[in-house]
Amino acid sequence: LGSGQDAGMAIPRTDTAADRRRRERMVRDQLDECGDPRVLAAMTDLPRHWFVPEEGQGSAYGDHPAAIGGQQTISQPRVVAFMLEQLRLEPGMTVP
């Protein structure tokens, strides 16, 4: 996480079967406009709740922005997917 991370915020690194089901449901229900299978795979694989403080993790996969601490938010999933698609990344490319 960047400078928006609260100094005392610990990032949980757990990823349960229930978390995976929540991500799969998010992709199925919210990202129907996304046509890039790589973006869909990334959104399915990356635990979004890792970027949300513990008290907000229950809503990390909802169809809304989520607070990430430091008065910052992560955009709602469909906006994140749209931004990733617009990058038009190819294998071997990196994003600093």
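1. The hairpin. Strand β1 (residues 66-69) and strand β2 (residues 72-74) form an antiparallel pair over three bridges. Gly69 stands opposite Gln72 in β2. Two residues sit between the strands of this hairpin, and Gly70 takes a positive phi near 60° there. Ile74, a residue of β2, comes up again in point 7, in a pocket lining.

2. Status of the model. This is a predicted model. The protein chain has a mean pLDDT of 87. Of its residues, 88% reach 70 or more. Residues 1-7 need a caution: pLDDT stays under 50 over this stretch. The model has nine contacts beyond four places in sequence for residues 1-7. Where pLDDT is low, the predicted coordinates should not be read in detail.

3. Overall make-up. The protein chain has three helices and two strands. Their order along the sequence is α-α-β-β-α. Of the 96 residues in the protein chain, 28% are buried. Take the contacts with a separation of 6 or more: residues 24 or more positions apart account for 55% of these.

4. Thr14. This residue belongs to the segment before α1 (17-30). Is Thr14 exposed, partly exposed or buried? Thr14 counts as partly exposed because its relative accessibility is 48%, and the partly exposed class runs between 20% and 50%. Beyond four places in sequence, Thr14 touches Asp19, His49 and Trp50. Pro47 lies 33 residues away from Thr14 along the chain, yet their C-alpha atoms are separated by 8.8 Å.

5. Asp19. Helix α1 holds Asp19. Its relative accessible area is 8%, so Asp19 is buried; the cut-off for that class is under 20%. Which residues does Asp19 contact, leaving aside neighbours within four places in sequence? They are Thr14, His49 and Tyr61. His49 is thus on the contact list of Asp19 and on that of Thr14. The Thr14 list also has Trp50, while the Asp19 list has Tyr61.

6. The largest pocket. Its volume is about 200 Å³. The lining consists of Asp36, Arg38, Val39, Ala42, Leu84, Glu85 and Leu89. The elements that give two or more residues to this lining are α2 (37-45) and α3 (77-87). Helix α2 gives the most, with three residues. By class, the lining of the largest pocket has four nonpolar, no polar and three charged residues.

7. The second largest pocket. This one has a volume of about 150 Å³. Its lining is made of Met26, Ala42, Met43, Leu46, Arg48, Phe51, Ile74, Val80 and Leu84. Both α2 and α3 supply at least two residues of that lining. By class, the lining of the second largest pocket divides into eight nonpolar, no polar and one charged.

8. The two pockets side by side. Ala42 and Leu84 are in the lining of the largest pocket and also in that of the second largest pocket. Helices α2 and α3 contribute to the largest pocket and to the second largest pocket. The charged residues number three in the largest pocket and one in the second largest pocket. Polar residues are absent from the lining of the largest pocket and from that of the second largest pocket.

Definitions and conventions. Residues numbered from 1 in each chain as written. Predicted model: local features only at pLDDT ≥ 70, side-chain atom pairs only at ≥ 80, totals over all residues. Heavy atoms only, no water. pLDDT = per-residue confidence, 0-100. Contact = heavy atoms within 4.5 Å. Helix = DSSP H or I, 4+ residues; strand = E, 2+ residues; numbered from the N terminus. Buried < 20%, exposed > 50% of the residue type's maximum accessible area, 1.4 Å probe, protein only. 1 Å grid on protein atoms, 1.4 Å probe; cavity = no way out; pocket = protein on both sides within 12 Å on 5 of 7 lines; lining within 4 Å. Points joined across faces, edges and corners; volume = space filled by probe spheres on them. Nonpolar A, V, L, I, M, F, W, Y, C, P; charged D, E, K, R; others polar. Pairing = 2+ DSSP bridges.
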